[in-house]
Amino acid sequence: MSTHGYETVLVEHGEDHVATITLNRPEAMNSFNQQMCDEFARFWQEVRLDDDVRAVVLRAQGDRAFCTGVDVKQGIVKPANKWSQVDPGDRLGPKANKCWKPVVAAVNGMAAGGAFYWINESDVVICAEDATFFDPHVSYGMVASLEPIGLSRRIPLGEALRIALMGLEERVTADTALRIGLVSETVAPTKLWERAREIAAAIAKNPPEAVQGTVRAVWESLDHGRSVAMAQGLAYTQIGSPEGIRSAARAVAVKPTPRFR
């Protein structure tokens, strides 16, 4: 996978099969512009096709913000015809780009509005103890829809609606984010990147086809009712498990020491 040619993000590829992408516009609170959307679309396609990458860490430069949504000064390219316009988030998130490599998001500082495009499509989300989450759309007279719809798949509906409707009047703290299931772990800011890498590296040790099949099966189940989702899930176990069973048999003598949390 190429690590060159990116300007709004930093891309690294480690020997532990973990790729790291870092939002790199701290001077603009890591808000995304058209170039960042295009670079993320390129990144997810490269990751999707690179079998050496088994997991991804998503993080952001600077102390103030993980991301504050779209860069209002630069904006996003939109066709004049409203019926030709598309959601800019379709270029930002892994699942929208059919990338089934597991993603560990490390959230620091403020995560607002469009930041949820990444949070909503990450598989594991952790945050620094000083992180805050909010959606300012309604405070600016804009309908909040795409971000809270995605968020409602992660946390209770009432919590997603509270974030959407409170706008700038309330920010979710790291402790509250942990309580409502928005994140699965909080850590000291100085340990955030290290912990995200540890989680991603641990995931990457598992058979990659089994991991990617699991990610795809679970996420695609959200588009179906229970019976259809279970039937499709069964098909995925039949397609993706034989090699995993053989791998498990080979690895039975090398059992990892589990970490309790």
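A salt bridge is defined here as a side-chain nitrogen of Lys or Arg within 4 Å of a carboxyl oxygen of Asp or Glu. The structure is a predicted model, in which local features need pLDDT of at least 70 and side-chain atom pairs count only at pLDDT 80 or more, while totals for chains, interfaces and linings use all residues. Residues are numbered from 1 along each chain as its sequence is written, and side-chain values use heavy atoms, with hydrogens and water left out.

**Figure 1. Salt bridge between aspartate 16 and arginine 197.** The closest N and O atoms of this pair are 2.8 Å apart. The two residues come from distant parts of the chain, 181 residues apart: aspartate 16 belongs to the loop between strand S1 (9-13) and strand S2 (18-23), and arginine 197 to helix H6 (residues 192-204). Helices (H or I, at least four residues) and strands (E, at least two) are DSSP runs, numbered from the N terminus. Aspartate 16 is partly exposed, at a relative accessible area of 28%, and arginine 197 is also partly exposed, at 26%. In this scheme buried means under 20% relative accessible area, exposed over 50%, and partly exposed in between (1.4 Å probe, protein chains only).

**Figure 2. Salt bridges involving helix H1.** Aspartate 38 pairs with arginine 91, with 3.1 Å between the closest N and O atoms. This pair links helix H1, which holds aspartate 38, to the loop between strand S4 (65-67) and strand S5 (103-107), which holds arginine 91, 53 residues apart. Aspartate 38 has a relative accessible area of 34% and arginine 91 one of 36%. Within helix H1, glutamate 46 forms a salt bridge with arginine 42, the closest N and O atoms being 2.9 Å apart. Because glutamate 46 and arginine 42 are four residues apart in helix H1, about one helical turn separates them. Elsewhere, Glu185, Arg195 and Glu198 are joined into one network by salt bridges that share partners. The count comes to 10 salt bridges.

**Figure 3. The largest pocket and its lining.** This pocket holds about 1200 Å³ of space. A pocket is an open set of points on a 1 Å grid over the protein atoms alone, where a 1.4 Å probe fits, with protein on both sides within 12 Å along at least five of seven lines; lining residues have an atom within 4 Å of a point. The lining comprises 38 residues, and Phe32, Gly69, Val70, His137 and Met142 lie nearest the centre. Helix H1 (34-49), strand S6 (110-112) and helix H3 (146-151) each supply at least two lining residues.

**Figure 4. Surroundings of phenylalanine 32.** Phenylalanine 32 is located in the loop between S2 and H1 and is buried, with a relative accessible area of 2%. Its C-alpha atom is separated by 6.2 Å from that of glycine 69, 37 residues away along the chain. Residues in contact with phenylalanine 32, not counting those up to four places away in sequence, include Cys67, Val70, Leu92 and Trp118. Contact means heavy atoms within 4.5 Å.

**Figure 5. The largest nonpolar core.** A nonpolar core is a set of buried Ala, Val, Leu, Ile, Met, Phe, Trp, Tyr and Cys residues joined through side-chain atoms within 4.5 Å. Of the 45 residues in this core, Phe40, Phe66, Trp118, Phe133 and Leu182 touch the most other members. H1 provides the largest share of the core, six residues. Among the residues that leucine 182 touches, not counting those up to four places away in sequence, are Phe116, Val125, Phe133 and Ile155.

Notes
Grid points are joined across faces, edges and corners, and a volume is the space filled by probe spheres set on the points.
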